[in-house]
Amino acid sequence: MNAGVINEFRSILGDKALIVEREQLQTYECDALTNFRIVPGAVLLPTSTEQVQSILRICSREKIPFVARGSGTGLSGGALPSEKGIVISLARMNRILHVDIPNGRMIVEPGVINAAVTQRVSAQGYFYAPDPSSQQVCSIGGNVAENSGGAHCLKYGFTTTHVIGLEVVMPDGALVHMGSSTLDAAGYDLAGVFVGSEGTLGIATKVILRIVKRPEVIKTLLAAFNSTNEAGSAVSEIIAAGVLPAAIEMMDNLAIQAAEAAVHANYPNCGGLLLVELDGPNAEVVDLMEKVKAICNACGASEIRLAHSETERMLVWKGRKAAFAAMGRISPNYIVQDGVIPRTALPRVLSDIEKMSAEAGLRVANVFHAGDGNLHPLVLYDRRITGQEHAAEALAFDIVKLCVAAGGSITGEHGVGREKREFMSVMFAEPDLQTMQRVRCAFDPDGISNPEKVFPRPRLCGEKAGPYVPHPLEVAGVAELY
Ligand SMILES: Cc1cc2nc3c(=O)[nH]c(=O)nc-3n(C[C@H](O)[C@H](O)[C@H](O)COP(=O)(O)OP(=O)(O)OC[C@H]3O[C@@H](n4cnc5c(N)ncnc54)[C@H](O)[C@@H]3O)c2cc1C
């Protein structure tokens with residue numbers, strides 16, 4: 001990076017909040033999607049909104065691309081640095097600024113860890129509902145940018161339902177406020193536009209969150225089925241019966257094996273396991289639990305078990321939330337896919353994935369938010385075997401196409417990021433993408449806020465949607481891709 005610019009950053013932040021040594025920069029070369037890596041030019045760790053503003057004014061003047069970073073747990077390469085750009089880590093902006101229990105509101109800085117929000121208000125009987133499995137480490141800023149979900153978003157809604165206001169530093173350094181702490185703010189719903197924008201519209205420096213009262217009773221049931229097909233039918237039947245559980249999660253046998261090896265959650269060894277959680281007033285939960293049990297039995301459940309204590313319930317969730325990381329116990333490498341389908345299509349799509357997995361000769365584990373129809377097929381492979389990584393990527397892409405064909409989406413909660421930008425044209429027509437691009441340009445006319453993410457890059461002739469395949473001219477060494 002230009003030494004003069006580095007000195008300007010140093011004068012804003014001091015030496016201890018500026019990283020320029022290559023070994024240290026490598027810590028920031030990727031997020032949790034590790035197959036994309038770029039070492040940034042510098043990493044800046046501001047502690048105030050004013051510092052973020054000063055940094056972005058320089059970026060705007062010098063046209064330096066910047067990428068905001070929370071905890072780096074993103075699974076779509078959203079926090080992947082830009083070539084010749086800087087990373088702005090919000091990890092040190094991690095204060096809870098205001099707690100307003102009577103109005104169910106909290107104001108936090110973006111680096112606050114998701115689980116810390118609930119911890120702060122649990123003594124008063126409140127909680128923050130969106131609960132990604134990564135909630136012990138991921139940041140609220142990252143959750144806002146990705147519109148993150150979690151097991152309990154089926155009943156309580158995704159991050160967007162719980163973020164009612166934002167303070168944002170625009171890519172030119174201007175400070176703006178979107179939404180407010182009251183509902184129904186006047187004007188365009190800019191907070192709604194910002195949530196899920198994956199860092200492409202500026203940097204959130206304060207977030208107004210909605211917190212909710214903890215229900216009187218929470219009960220969790222485990223239902224074991226011979227196959228994911230039967231378990232999928234039970235999910236559709238439960239919702240069709242008018243029951244809205246707080247969560248319905250599904251794990252197949254591979255996912256159960258991995259979670260058991262890591263956490264010993266004492267799950268039944270079966271083909272398809274449902275975790276159904278009901279919450280609310282005691283009488284209602286007791287009544288609905290009987291309905292859920294009857295539906296599971298009618299759909300062929302071989303075993304139904306209630307968690308009898310809070311410790312048992314926590315262990316059930318620990319196994320589920322550890323499932324991605326636990327895949328390392330059964331496979332050296334894996335790709336986590338994130339697609340959405342209509343709930344009623346679960347049995348058919350799960351069978352199709354099973355067939356595709358057999359045809360590709362690669363194992364696919366399934367652990368996902370079944371109530372939302374948000375699939376997380378994990379394509380297992382071994383990078384050391386020539387060709388397996390490519391075959392795994394191709395299978396993961398075919399699974400996404402299957403989701404879109406079933407009337408679903410290319411991503412439920414992990415975002416488009418760098419990984420799925422080429423998939424956008426599988427789902428959206430050119431006018432849709434152009435409309436999104438106009439919104440982006442209104443916020444960031446110079447295209448410096450997390451560039452190269454979300455939108456497909458312009459295509460060379462003959463290129464197709466999907467994972468990047470080099471153009472024949474590139475392979476022949478006649479043309480180069482910039
Ligand atoms: C084991 C595991 C389990 C997971 N489970 C879930 C799950 O259940 N549900 C789910 O939704 N996700 C899940 N994720 C994905 C990930 O944890 C979420 O996407 C999370 O919200 C990312 O937060 P982060 O702080 O790590 O953000 P990062 O990875 O650092 O960044 C993510 C994106 O947010 C942008 N960003 C970060 N901070 C800001 C800011 N202040 N202003 C503007 N943009 C910003 C970045 O530029 C980037 O585009 C999981 C990940 C792992 C590794």
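Two strands are taken to pair if DSSP finds at least two bridges between them. Helices (H or I, at least four residues) and strands (E, at least two) are DSSP runs, numbered from the N terminus. The structure is a predicted model, in which local features need pLDDT of at least 70 and side-chain atom pairs count only at pLDDT 80 or more, while totals for chains, interfaces and linings use all residues. Residues are numbered from 1 along each chain as its sequence is written, and side-chain values use heavy atoms, with hydrogens and water left out.

A good place to begin is strand E8 (residues 163–169). Seven of its seven residues are buried (under 20% relative accessible area, against over 50% for exposed and in between for partly exposed, with a 1.4 Å probe and protein chains only), so E8 is largely enclosed by the rest of the structure. E8 runs antiparallel to E10, with six bridges joining them, and antiparallel to strand E9 (residues 175–179), with five bridges. Glu 167 serves to illustrate both pairings: it stands opposite Lys 206 in E10, and its bridge partner in E9 is His 177. The hairpin of E8 and E9 has five residues between the strands, and Gly 173 takes a positive phi near 95 degrees there.

Strand E10 (203–210) also takes part in the packing of helix H4 (residues 114–121). Buried in H4 are Asn 114, Ala 115, Val 117, Thr 118 and Val 121. Viewed down the helix axis, these buried residues fall within an arc of 155 degrees (taken from the directions from the axis to the C-beta atoms), so they line one face of H4. They pack, with contact meaning heavy atoms within 4.5 Å, against strands E5 (96–100), E6 (105–108), E7 (126–127) and E10, and against helix H5 (140–146).

Elsewhere, four strands form an open sheet in the order E1-E2-E4-E3, with mixed pairing. Its edge strands, E1 (18–19) and E3 (66–69), each pair on one side only. Two bridges link E1 to strand E2 (residues 42–44) in the antiparallel sense, and Ile 19 has Val 43 of E2 as its bridge partner. Helix H3 (residues 49–62) lies across E2, E3 and strand E4 (86–89), running at about 165 degrees to E4; here axes are lines fitted to C-alpha atoms, for helices over the stretch in contact, and angles run from 0 to 180 degrees between N-to-C directions.

The largest nonpolar core (buried Ala, Val, Leu, Ile, Met, Phe, Trp, Tyr and Cys residues joined through side-chain atoms within 4.5 Å) has 46 residues. Those with the most contacts inside this core are Phe 225, Ile 248, Leu 274, Leu 375 and Val 379. Not counting residues up to four places away in sequence, Leu 274 touches residues including Leu 221, Phe 225, Val 235, Ile 248 and Met 250.

Asp 382 sits in the loop between strand E20 (377–381) and helix H15 (388–405). This residue is buried, with a relative accessible area of 13%. Leaving aside neighbours within four places in sequence, Asp 382 is in contact with Pro 332, Asn 333 and Gln 388.

Finally, the cysteines. The structure holds zero disulfides (pairs of cysteine sulfur atoms within 2.5 Å). Cys 403 is in no disulfide, the nearest cysteine sulfur being that of Cys 153, 19 Å away; Cys 403 is buried, at 2% relative accessibility. Cys 441 is partly exposed, with a relative accessible area of 38%, and its sulfur is 18 Å from the closest cysteine sulfur, in Cys 59, too far for a bond.
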